[in-house]
Amino acid sequence: DYIWFDSATDVMKVNGQIRINGNLSFVGQGGDRTINYSGRAALLVYGDVNIDANLITCNNGVKTNTNNSFPVNNIIGIMSSNNMVVGSTAQLDIMGAFYAQNKIAASKQTNVMGTFVSNYFDMGTNVPNIYQVPALADNLPVGMIGNYPILAISQVSWRELGI
């Protein structure tokens, strides 16, 4: 299980189930606001999450290789035990599954490909776009909430056994 970021290429490789004690921020610097990621990971953050950079998938760490990239081959799921701020800078493009226990705030014109799940949504005064991806439900990373079979049991009959 790992997160590996190459600052020379702005490519992040992720894999597995990762727990972070504290806050997590994805922030671009200057005019370079894009992080390309490849891999499949579920990040559980015990704190707040701030996403202030483009999060775009690519295959095998090659930025130009995006064919069938999201969500089939590459997906990041971020779960926060508190709040999540997505796109405090305008015109961001973000791909993934984003869950917050408390609140998700998207105050700028952000394009999200994936899903938001939270108790409370603050969509601000601008117009963020959330594009639901039906294939996401079948391609969630291992460890993500909802990536497990849901079983239902119906009692057909029962018999009491003697001691």
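Where is the place of proline 71? Proline 71 sits in helix 1, which covers residues 69-73. This is a predicted model, and the legends below take it one view at a time.

**View 1. The whole chain combines one helix with 11 strands.**
Along the sequence, the elements follow the pattern β-β-β-β-β-β-α-β-β-β-β-β. The C-alpha atoms fill a box of roughly 75 × 35 × 30 Å along the principal axes. The protein chain has 163 residues, and 40% of them count as buried. Its exposed surface is about 9400 Å², with 50% supplied by carbon and sulfur atoms. Now take the contacts between residues at least 6 apart in sequence: 49% of them join residues at least 24 apart. The side chains include 8 positive and 10 negative ones. The centres of these two sets lie 2 Å apart.

**View 2. Strand 1 and strand 2 form a hairpin.**
Strand 1 spans residues 2-6, and strand 2 spans residues 11-21. The two pair in the antiparallel sense, over five bridges. Find tyrosine 2: its bridge partner in strand 2 is asparagine 15. Four residues lie between the two strands. In this turn, aspartate 10 has a positive phi of about 60 degrees.

**View 3. Strand 2 also joins strand 4.**
Strand 4 covers residues 34-46. Here the strands run parallel, and 11 bridges join them. Look for lysine 13: its bridge partner in strand 4 is serine 38. One general point helps when you follow any such element. In a regular strand, side chains alternate between the two faces of the sheet.

**View 4. Two asparagines with positive phi lie in the loop between strand 6 and helix 1.**
Strand 6 covers residues 54-57. Asparagine 60 has a phi near 55 degrees, a positive value in a residue other than glycine. Asparagine 60 is exposed, with a relative accessible area of 65%. Asparagine 68 is not a glycine either, yet its phi is positive, at about 55 degrees. Asparagine 68 is exposed as well, with a relative accessible area of 54%.

**View 5. A cis peptide bond joins phenylalanine 70 and proline 71.**
Omega for this bond is about -10 degrees. Proline 71 belongs to helix 1.

**View 6. The structure holds one aromatic pair.**
The partners are phenylalanine 98 and phenylalanine 116. Their ring centres are 6.1 Å apart and their planes meet at 75 degrees, so the pair is edge-to-face. Phenylalanine 98 belongs to strand 9 (residues 92-105), and phenylalanine 116 to strand 10 (residues 110-122). The two residues are 18 apart, so this pair links distant parts of the chain. Are these rings buried or exposed? Phenylalanine 98 is buried, because its relative accessible area is 0% and the cut-off is under 20%. Phenylalanine 116 is buried too, at 7%.

**View 7. Proline 128 lies in the loop between strand 10 and strand 11.**
Strand 11 covers residues 129-132. Proline 128 is buried, with a relative accessible area of 17%. Which residues does proline 128 contact, leaving aside its neighbours within four places in sequence? They are Ala106, Lys108, Thr110 and Met123. Glycine 96 is 32 residues from proline 128 along the chain. The C-alpha atoms of these two residues are separated by 15 Å.

Definitions and conventions
Residues numbered from 1 in each chain as written. Predicted model: local features only at pLDDT ≥ 70, side-chain atom pairs only at ≥ 80, totals over all residues. Heavy atoms only, no water. Pairing = 2+ DSSP bridges. Phe/Tyr/Trp six-rings, centres within 6.5 Å; stacked < 30°, edge-to-face > 60°. Buried < 20%, exposed > 50% of the residue type's maximum accessible area, 1.4 Å probe, protein only. Contact = heavy atoms within 4.5 Å. Areas by Shrake-Rupley, 256 points an atom, 1.4 Å probe, with all protein chains shown as cover. Lys, Arg positive; Asp, Glu negative; His and termini not counted. Charge placed at Lys NZ, Arg CZ, Asp CG, Glu CD.
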